[in-house]
Amino acid sequence: MNAQRWAWAQIDLGALRHNVETLAAHIAPQQLWAVVKADAYGHGAVECARVALQSGAHGLCVALVQEGIVLRQAGVNAPILIMSEQPEEQFRDIITYGLIATLYNESTIVRFARTASELEIMASVHVKVDSGMHRVGVQPDNAVRVASLVADSQWLILDGMFTHLATADVAETQIAQQQVSTFVRVVEQARALGIEVRHVHISNSASAIRRLDTGADCTMTRVGIAMYGIPGDAATDSFGADHQLDLRPVMSVHARVSHVQKVAAGQGVSYGLKRPLESDATIATLPLGYADGVPRGIWESASVLINGVRRAFAGVVTMDQIMVNCTDDVVSVGDEAVLIGGQGLELITANEWANKMGTIGYEIVCAISARMPRNYIN
Ligand SMILES: Cc1ncc(COP(=O)(O)O)c(C=O)c1O
């Protein structure tokens, strides 16, 4: 039982360890770099980073400088890549904390090199190439010039070049293959000019599992969602029929029944009294709500597990509490409920919620808020 609160997210570090080992074996000889941005997709960045590094990850990837600093301050010494350009005010922190910058604009490279020279610290850089996703990165026809600008700088080390696929998780692979060949061409052009590129990387989870980067001579892979045991494809909730990997969900969401009452047929429950009960029912209240990351709109279609049985929400999710229809079953204060995860023979996945909310499992786990204690097991 969690001492702090009767609602918590359980993080199974044994499952994480298993997933990292499985994925590292799948992508070998490429290095696995664990993507632990957004507090490790809500799973806890420091704890997950440590376990990933102990289980075969070579490096870490984050989105923000602050995320890298948190890891350094926790004593993590592994390489940490920030995956996009950051504001100039943060250049000093990137360099002094020994984080690897991602750069793609010539003016940013000049200013970043100037900061490194002022600090008299050599700074590592990966150049991001926009091979077709059109989010961030240098355009392919300017990429060699940008890479040479980094390589020629006295204070910068060109540690890598990478790109990101827009359609790694869709069945059709033609667009991904075009992106891969565009990027491979850029790297070959750079090398032909004598530019040394240590790391070359393309894949995220879906691309790694499906081996979309085969033939690109990649040295590393940036693995996020698969490490947390969530298939990126919410629709099938599987890692792809052709590529079955035994990956296990790391996060589950739990609560204890905080109040039980009998409510008569015809009565509604929660704000709006929206769905009058068809028969007399035992209504169990759970002390968590949308402020904890349970989407308000999920009440209409999702289930909660109590005593191993799927139960319907009795009314809308409120900020701090939800009510569950336990029909005429005996339920007691203190009974454990599972919102995401397994109980008895039943299993509710993050992707089951994602499908009901028209989103992806990533958004569901990232939304489990900091207010929910993380309970680390195994
Ligand atoms: C540039 C980049 N690489 C890798 C990843 C990891 O992706 P995934 O969680 O699908 O493995 C992300 C996540 O969004 C990303 O933005």
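The following dialogue goes through salt bridges, cysteines, nonpolar cores and domains in a predicted model.

Visitor: What rules apply to the values?

Guide: This is a predicted model, in which local features need pLDDT of at least 70, side-chain atom pairs count only at pLDDT 80 or more, and totals for chains, interfaces and linings use all residues. Residues are numbered from 1 along each chain as its sequence is written, and side-chain values use heavy atoms, with hydrogens and water left out.

Visitor: What makes R198 and D159 a salt bridge?

Guide: A salt bridge requires a side-chain nitrogen of Lys or Arg within 4 Å of a carboxyl oxygen of Asp or Glu. For R198 and D159 the N to O distance is 2.6 Å, so the pair meets the rule. R198 sits in the loop between α8 (174-192) and β8 (199-201), and D159 in strand β7 (residues 156-162), 39 residues apart. Helices (H or I, at least four residues) and strands (E, at least two) are DSSP runs, numbered from the N terminus.

Visitor: Why is D159 called buried or exposed?

Guide: Buried means under 20% relative accessible area, exposed over 50%, and partly exposed in between (1.4 Å probe, protein chains only). D159 has 5%, and therefore counts as buried. Its partner R198 has 56%, and so is exposed.

Visitor: How do you know that R92 and E118 meet in a salt bridge?

Guide: Their N to O distance is 3.7 Å, and the limit is 4 Å. The two residues are 26 apart in sequence, R92 in helix α5 (residues 91-96) and E118 in helix α6 (residues 106-119). R92 is partly exposed because its relative accessibility is 44%.

Visitor: Which parts does the salt bridge of R256 and E336 tie together?

Guide: The side chains of R256 and E336 come to 3.6 Å, N to O. R256 belongs to strand β10 (residues 251-256) and E336 to strand β16 (residues 336-343), so parts 80 residues apart in sequence are tied together. R256 is buried at 11%, while E336 is partly exposed at 27%.

Visitor: How many salt bridges are there by this rule?

Guide: The count is 12. A network of salt bridges links R5, D292, D320 and R371.

Visitor: Why is C218 not in a bond with C61?

Guide: A disulfide is a covalent bond between the sulfur atoms of two cysteines. The criterion here is a pair of cysteine sulfur atoms within 2.5 Å. The closest cysteine sulfur to that of C218 is in C61, 13 Å away, so the two are too far apart for a bond. C218 is buried, with 12% relative accessibility. The search of the whole structure finds zero disulfides. C48 is in none, with the nearest cysteine sulfur, that of C366, 12 Å away.

Visitor: What makes a set of residues a nonpolar core?

Guide: The set must consist of buried Ala, Val, Leu, Ile, Met, Phe, Trp, Tyr and Cys residues joined through side-chain atoms within 4.5 Å. The largest such core has 125 residues, and among those with the most contacts inside it are V36, F112 and L286.

Visitor: Why is this core said to lie between domain 1 and domain 2?

Guide: Both domain 1 (13-242) and domain 2 (251-348) give residues to the core, so it lies between them. The domain bounds come from an automatic or database domain assignment. The centres of domain 1 and domain 2, taken over C-alpha atoms, are 41 Å apart.
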